[in-house]
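Q: Could you take a close look at the salt bridges in this one? I'd like to hear which side chains pair up and where they sit.

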Amino acid sequence: MHKLLERQLHKATSAQGSADLTRLLESVNGTYEASDSERRLRDRALDILQQELEEVHRRIRQEADARFNVVMDNVGEAVVIIDQNGIVEQFNKAAERIFGYSFDEVKGRNVTMLMRDEEAATHDQKIMSFLGSGEARIIGHGRETIAKRKNGEIFPIDLAVGEVGTGSNRRFLGTIRDISQRKRTEIELRQSEGRFRDLAGSASDWFWETDEDYKITFVSERIGGILGVRPVEVLGHDYFELGLGDDDPELAVQHRSDIDAHLPFRDLVFHVGPVVGKDSKVVRISGLPIFDGDGRFIGYRGLGADITREVEAEARARQAQQQLADAIESIIDGIAVFGPDDRMMACNSEYRRFFGLAEETIETGMTFEQILVSGAFKKIVNYGPSGYEDWLISRLKHHREATGVPFLTNTVDGRWVSTRVYRTSEGGVVCVRTDITQMKMREQELEALRRRYELILDAADEGIVGLDNHGHITFANRVAGQLIGISPDKMIGRCFIALVQPFSFSGETCLEPESAISQTFKSGTSHKAEDELFWRSDETNFHAEYLAAPIFEDDSVAGVVVVFRDVTLKLAFERALSDHQHLLEQQVEERTAKLTDEVLERTRTEAALRESQSRLKDITDNLFESILVISESGHVVFANKSAKKMLSGDNLMEEFEGCHADELFTLKRDERGTPFEVSPWHFVIASAVTLRDDDAVFVTPLGLTLSVAYACSPLIEDKKRRSAILSFRDITALKAAQREALHASRLASVGELAAGIAHEINTPIQYIGDNLRFIGDALKDISPLLQSARELAKLATGHPDCSSVTREFLELTEKADLDYLI
């Protein structure tokens, strides 16, 4: 029995030994209540203790987590903690900086997002293999691998992996260090070492070191290829023993003094081996003294180089310079060479001879500006009205620009000198002075000749242009400019086809394959175009015919002369004649063909005066008009083929030049000839005016009477009127054609008048007939109606109410005589 129950039973038992059941039950009940109260107090105490323990545990865990996070965020390396499934649980600040992700972006995601595709594909399998076998291949071992940032950049890392915790909740901690900079440094170091090795191996110099006694202690391998000895063979020797000072004792003494004073030296040159021969070497050394940390001299370190080729090159350069001086002296032109500092380095005697008596003052070493201001040019240059100072400025500018453009100088003795200045690759200049006096005189003669023939061409009534072998205009006369609407000087150099036929020009070539100009270039014979549409500069057009004649140089076609004229009126006139009379058109065509034959015959003659004279004479011989040049004395100094043929008729005279004009022809006035002294030609020479007459008559000594249209202009030579240019053409056929056209026009006018009168008569007659037909057609419809009305009236006559009306109707119809009208 429980002791408590025994005590309670004892208290409930009376002295007589009987038990008081009620008392016993109250005692037991009180005991139970006390026990329950105690149990409740104990349970409450346990609950409070449990809560306090949990609170302490929570605080301890929070403090631990806080300390862990502080440690994690302050660690210099990236720390990543994952669970056994590879899911990221921790990601410190360093990891965020390295990978570019925030903790929230990686938390709960697989760590393979931080790996390359190659490593990510096998990572989970490696974890499962470790958890199953416990064999660690990565854990506990540091290694280098590759990771991937948020932006996709791949970079090298140093990775160390360790396990955190055991049992079922296993985690892994990875420590990551970004080693990109270290890798770049290693690569740069290897590249630098490689470059140094390559530089040392490929350098033409050698490296050397000596001890404090100037004995060589180190030399690079390059010395073997230069001196032909192994590097070990020169160790323990100094440069004096290798030849320094053998050919220059003073150099050896000076160098010995420098090394005794521990001074640096530079570019020390001496021979090694024999002075001459293939084994002779010239070397150059430079060195710096070396001191240890205590400032004690321990030797020299420096470079050596083989300069044998440089020394030989300098010798060859001196020889070449002498050869250049000899070559310059042998040139007939004046030559002077100026250095980069503009000082004269050399010149030949021809250059000095230009200065005459002042040539002694020109010395090597003077700048060109000093030569200019010395006054050497002042006595020999004809500097003109601009003044000597302006001439000096222009000449100095030309010298400094050195473009190669000639600078012309006229001397006081009448010579012309062309000076060209060229820039050399070293920055200096070469001045070339050439006497061009003879060439200048020829140019002046050719210019005078050109002006003379330009006047001849300008006196022609046709447009004349010259083309080169590319189809570009080389010259054009006044009439050509007037026809196209562009001044002749602006036509030079332009494509002729593009100028006159811009809308059909293909743009590929200025020589259209099927044109008469191209055929002339190909065949070397003249070709004619009858009707071409030419355009003016104002975009109006005109019909033109032209003749293309070749210009020969050295038996080959070098160009073409195109003679063209406006035939718009001519074509209109021909079309009008063709409408009235076919015979006249046939005659015009025959005459055109005849004129073409005459032009072709005329162009076959060529003169051989000079190349330029021949070219211009070919042009005049191909003109449609006859050309004469008459001097102030009345003599003919020039006559083209057409003039000779026209004035001499069938008795063709070859020698017109030198004959007096009156011996060849006279102008007919008042039924008699006009001698030269009172002729228009003499008046043109005297007054310098141009005369024209579109209906004149020439009479020849042979009795020929020529109907002509002429133009006479003065020819000015050397600013004096010395002759007149007379151009004329036969207008006999034109006048006949005009008479025939006038007759045809009158006949056409009579026909038109008769047709008009007939038209005026026919018009009213036709009008009346049309109206009568209309009335007849209308009355045909009325006749049946009238007949029906009469019958109806007869039927109504018997009716008493209608008898009077019907009688009146019948009387009126009889009186109107409608049957006659119908």
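**Salt bridges up close**

A: Let's start with Glu-545 and Lys-570, whose side chains meet in a salt bridge at 3.5 Å, N to O. Glu-545 belongs to strand β19 and Lys-570 to helix α20 (residues 568–580), so this pair ties together parts that are 25 residues apart in sequence. Keep in mind that the model is a predicted one. The two partners sit in rather unlike surroundings: Glu-545 counts as buried, because its relative accessibility is 2% and the cut-off for buried is under 20%. Lys-570, on the other hand, is partly exposed, with a relative accessible area of 27%.

Next up is the bridge between Arg-729 and Glu-625, with 3.2 Å from N to O. Here Arg-729 comes from strand β27 (residues 720–730), while Glu-625 is in the loop between α22 (611–621) and β21 (626–631), so the pair links parts that are 104 residues apart in sequence. Once more the acid is the buried partner: Glu-625 has a relative accessible area of 2%. Arg-729 is partly exposed at 31% relative accessibility.

Salt bridges can also share partners, and that is how Glu-144, Arg-182, Lys-183 and Glu-186 end up joined into one network.

Back to strand β19, this time by way of the loop before it. Arg-536 and Asp-566 bring their side chains together in a salt bridge of 3.5 Å, N to O. Arg-536 is in the loop between β18 (527–535) and β19 (541–553), and Asp-566 is in strand β20 (residues 556–566), so parts that are 30 residues apart in sequence are tied together. In this pair Arg-536 is partly exposed, with a relative accessible area of 26%, and Asp-566 is partly exposed too, at 34%.

How many salt bridges are there altogether, if you count a side-chain nitrogen of Lys or Arg within 4 Å of a carboxyl oxygen of Asp or Glu? The count comes to 32.

Not every charge has such a partner, though. Asp-246, Asp-247, Asp-248 and Glu-250 gather in a patch of negative charge on the surface, and residues in a patch like this have no salt bridge. Take Asp-247 as an example: you'll find it in the loop between α9 (239–242) and α10 (249–260). Asp-247 is partly exposed, with a relative accessible area of 43%, so it clears the patch cut-off of over 30%.

Note on methods: Residues are numbered from 1 along each chain as its sequence is written. This is a predicted model: local features need pLDDT of at least 70, side-chain atom pairs count only at pLDDT 80 or more; totals for chains, interfaces and linings use all residues. Side-chain values use heavy atoms; hydrogens and water are left out. Patches are made of residues with over 30% relative accessible area and no salt bridge: like charges are joined within 9 Å, nonpolar side chains (Val, Leu, Ile, Met, Phe, Trp, Tyr) within 5 Å. Accessible areas come from the Shrake-Rupley method with a 1.4 Å probe; for residues, only the protein chains shown count as cover. Lys and Arg count as positive and Asp and Glu as negative; His and the chain ends are not counted. The place of a charge is taken as NZ of Lys, CZ of Arg, CG of Asp or CD of Glu. Helices (H or I, at least four residues) and strands (E, at least two) are DSSP runs, numbered from the N terminus. Buried means under 20% relative accessible area, exposed over 50%, partly exposed in between (1.4 Å probe, protein chains only).
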